[in-house]
Amino acid sequence: MRFLPVLLALFAAAAAAATGEAVYRAKCNACHDSGAGNAPRVHVREDWRERETRGRAAMHASALKGVPYTAMAAKGGYAELTDTEVRDAVEYMMVRVGFR
């Protein structure tokens, strides 16, 4: 029984990763694969260096609220996404680019 909380946490993390990847593939990849609108590309770590220095919370906030004077609209322009889905997609991108 001592392992139950650990197992539940692992399953929750795996579910979040799957959700983040699904949201990324459905909504985010058009810009973040190609770099359209100067979006940081998920396969180019250097694109994320400046953002990394601001921290995860700042990246979540940018994705949720948008970035003024850029192509990054709030929730990437997909208002139907929940805040959790957006955060999960950001986490997926950060892991994919190599940030832990």
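User: Why is Lys 75 called buried or exposed in this model?

Analyst: The model is predicted. Lys 75 has 19% relative accessibility, and buried means under 20%, so Lys 75 counts as buried.

User: Where does Lys 75 lie, and what is its phi?

Analyst: Lys 75 lies in the loop between α3 and α4. Its phi is near 55°, a positive value in a residue other than glycine. Most residues other than glycine have a negative phi.

User: What makes Asn 38 count as buried or exposed?

Analyst: Exposed means over 50% relative accessible area. Asn 38 is at 72%, so Asn 38 counts as exposed. Asn 38 lies in the loop between α1 and α2 (49–54), and has a positive phi of about 65° although it is not a glycine.

User: How do you know whether Cys 28 is bonded or not bonded to Cys 31?

Analyst: A disulfide needs two cysteine sulfur atoms within 2.5 Å. The closest cysteine sulfur to that of Cys 28 is in Cys 31, 8.8 Å away, and is therefore too far for a bond. The count by this rule is 0 disulfides.

User: Why are Cys 28 and Cys 31 put in the classes buried or partly exposed?

Analyst: Cys 28 has 16% relative accessibility, under the 20% limit, so Cys 28 counts as buried. Cys 31 has 36%, between 20% and 50%, so Cys 31 counts as partly exposed.

User: Which residues of the largest nonpolar core touch the most other members?

Analyst: They are Tyr 24, Cys 28, Trp 48 and Met 93, in a core of 17 residues. The helix α4 gives the most to this core, with 7 residues.

Methods:
Residues numbered from 1 in each chain as written. Predicted model: local features only at pLDDT ≥ 70, side-chain atom pairs only at ≥ 80, totals over all residues. Heavy atoms only, no water. Core = buried A, V, L, I, M, F, W, Y, C linked by side-chain atoms within 4.5 Å. Buried < 20%, exposed > 50% of the residue type's maximum accessible area, 1.4 Å probe, protein only. Helix = DSSP H or I, 4+ residues; strand = E, 2+ residues; numbered from the N terminus.
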